[in-house]
Amino acid sequence: MTDQVALAGVDSRPRTADRELRQRAGAVIPGGMYGHQSAGPLPPEYPQFMSSGRGARVWDADGNTYVDLMCSYGPLVLGHQHPKVEEAARAQAAQADCQNGPAPVMVELAELLVATVRHADWAMLAKNGTDATTMCCTIARAQTGRQRILVARGAYHGAAPWCTPRLAGTTAADRVNLGYYTYNDLASARAAAAEAGDDLAAVVVSPFKHDAGFDQELVDPAFARGLRELCDETGAALILDDVRCGFRLHLGSSWEPVGVDPDLSAWSKAIANGHPLAAVLGSDRFRDGASSVFVTGSFWFAAVPMAAAVATITALREEGAIDAMHQAGTVLRDGITGQAAAWGIEVNYTGPVQMPYLTFAGDADHGLASLFAAEAVRRGAYLHPRHNWFVSAALTAEDIDLVLAATDEAFAAVRKHIGRSGP
Ligand SMILES: *Cc1c(COP(=O)(O)O)cnc(C)c1O
């Protein structure tokens with residue numbers, strides 16, 4: 001790792017270590033890689049292997065440095081190696097991590113989550129967002145004695161057979177109890193609920209529409225209120241999938257500013273600033289259901305991530321991190337949309353400023369987005385052509401300047417490309 005902040009020359013960036021690791025991975029890891037890194041292949045300019053991170057900077061296996069606008073796809077919210085979070089993790093690690101029973105910090109964290117999130121009367125902890133969304137469904141079914149669960153068409157809720165976006169290896173039976181509605185379309189949710197009849201256990205919804213590869217859509221408050229009413233009328237659980245947004249948009253449930261409280265919510269990603277942890281939070285109405293299900297995992301009671309989560313939530317509050325992300329995200333948005341306008345390129349910059357996504361008009365195959373991202377990453381701005389970006393509270397004015405220098409040149413490359421091959 002180097003602390004040098006100056007970005008290396010565009011074409012002189014070393015790639016040897018990354019190429020060699022990819023080659024070795026190809027022999028011992030199916031497909032060379034899985035998940036995000038295989039689902040929508042990144043342009044070849046992206047490094048696969050990352051070595052280190054500090055604040056809003058990350059270094060790849062070849063020592064090239066980038067300003068991080070992906071934040072490990074969401075978990076990093078205070079920046080890499082946040083001193084207070086890492087100090088809390090180290091202090092807990094010096095005692096114990098994985099034991100016969102949970103450490104005292106589990107109760108401290110549950111109390112802190114219940115105090116921080118308005119709708120929560122209790123908390124359960126797990127490892128991954130998929131654990132949390134799946135547990136929410138299990139608890140809703142246990143509590144209601146019903147089976148049917150409604151999800152928005154195209155929404156991502158994790159990688160288990162009931163919700164993975166790729167059907168390979170799943171069976172029709174995995175989804176036989178799902179019904180589908182369209183995000184922000186209350187009539188479609190009511191129709192799907194009517195079809196479920198008295199078998200409706202839950203409605204799952206994300207705080208805003210953040211389907212990968214599509215322009216993002218903020219929630220219509222009337223839609224959120226309508227889902228709440230639908231669940232109240234039917235006795236179904238309203239499940240908010242706050243895995244991606246939680247503690248990045250608001251220090252509480254992401255729908256608190258909308259004025260709608262879910263019955264159950266799923267959390268992971270940012271809650272422990274990169275340490276592996278997930279949570280299910282719920283209201284008293286679902287406490288019995290939550291008490292009745294059998295859920296566990298070998299590492300679910302590990303204490304280090306819990307200590308990291310307590311420190312993360314405390315730092316988010318003490319450092320005004322939500323406001324910092326909002327401010328940095330606003331500067332970034334204004335800079336990028338201003339550049340696009342100056343280059344005469346039509347773009348959509350959608351979603352909350354802390355979790356933006358950029359698309360180009362008429363770019364159905366993401367060709368322009370890929371060109372833009374490749375040119376940006378070559379110049380040290382690590383963003384993404386098909387997935388929303390994440391702003392962390394560690395992003396400084398200098399970091400944003402570096403990003404904007406890179407994106408301006410990336411827009412220049414797009415302009416040149418359109419000029420050559422466009423209409
Ligand atoms: C990432 C994500 C999940 C799954 O979380 P994992 O930790 O990857 O299992 C679920 N829902 C949403 C909205 C997510 O962004």
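Here are three short exercises, each with a worked solution, on a predicted model.

Residue numbers start from 1 along each chain as its sequence is written, and side-chain values use heavy atoms, with hydrogens and water left out. Because the model is predicted, local features need pLDDT of at least 70 and side-chain atom pairs count only at pLDDT 80 or more, while totals for chains, interfaces and linings use all residues.

**Exercise 1: the seven-stranded sheet**

Find which strands stand at the edges of the sheet of seven strands, and follow its pairings inward.

Solution.
- Step 1. Write down the strand order: β4-β10-β9-β8-β7-β5-β6, an open sheet with mixed pairing. Strands are DSSP runs of E with at least two residues, numbered from the N terminus, and two of them pair if DSSP finds at least two bridges between them.
- Step 2. Look at the ends: β4 (122-126) and β6 (178-181) each have a single partner strand, so one side of each is left without a neighbour in the sheet. From one strand to the next, the twist averages 20° (axes are lines fitted to C-alpha atoms, and angles run from 0 to 180 degrees between N-to-C directions).
- Step 3. Check the directions. Strands β9 (264-267) and β10 (278-282) run antiparallel over four bridges, with Trp267 partnered by Ala279 of β10. By contrast, β7 (200-205) and β8 run parallel, also over four bridges, and Val205 stands opposite Leu240 in β8.

**Exercise 2: the cover of β8**

Work out how many residues of strand β8 (237-241) are buried, and which way they point.

Solution.
- Step 1. Apply the cut-off: buried means under 20% relative accessible area, with a 1.4 Å probe and protein chains only. Five of the five residues pass.
- Step 2. Sort them by direction: Ala237, Ile239 and Asp241 point one way, Leu238 and Leu240 the other.

**Exercise 3: the ligand site**

Describe the shell around the ligand and its polar contacts.

Solution.
- Step 1. Collect residues with a heavy atom within 4 Å of the ligand; among them are Asn128, Tyr156, His210 and Asp241.
- Step 2. Classify the shell: two nonpolar, six polar (Gly counts here) and three charged (Asp, Glu, Lys or Arg).
- Step 3. List pairs of N or O atoms within 3.5 Å. Ligand oxygen atoms lie 2.7 Å from a polar backbone atom of Gly129, 2.8 Å from a side-chain N or O atom of Arg244 and 2.6 Å from one of Lys269.
- Step 4. Finish with area, by the Shrake-Rupley method with a 1.4 Å probe: the ligand alone exposes 380 Å², of which the protein buries 87%.

Terms used: A polar contact is a pair of N or O atoms within 3.5 Å; within protein, one must be able to donate a hydrogen and the other to accept it, and residues adjacent in sequence count only if both atoms are side-chain atoms. Buried means under 20% relative accessible area, exposed over 50%, partly exposed in between (1.4 Å probe, protein chains only).
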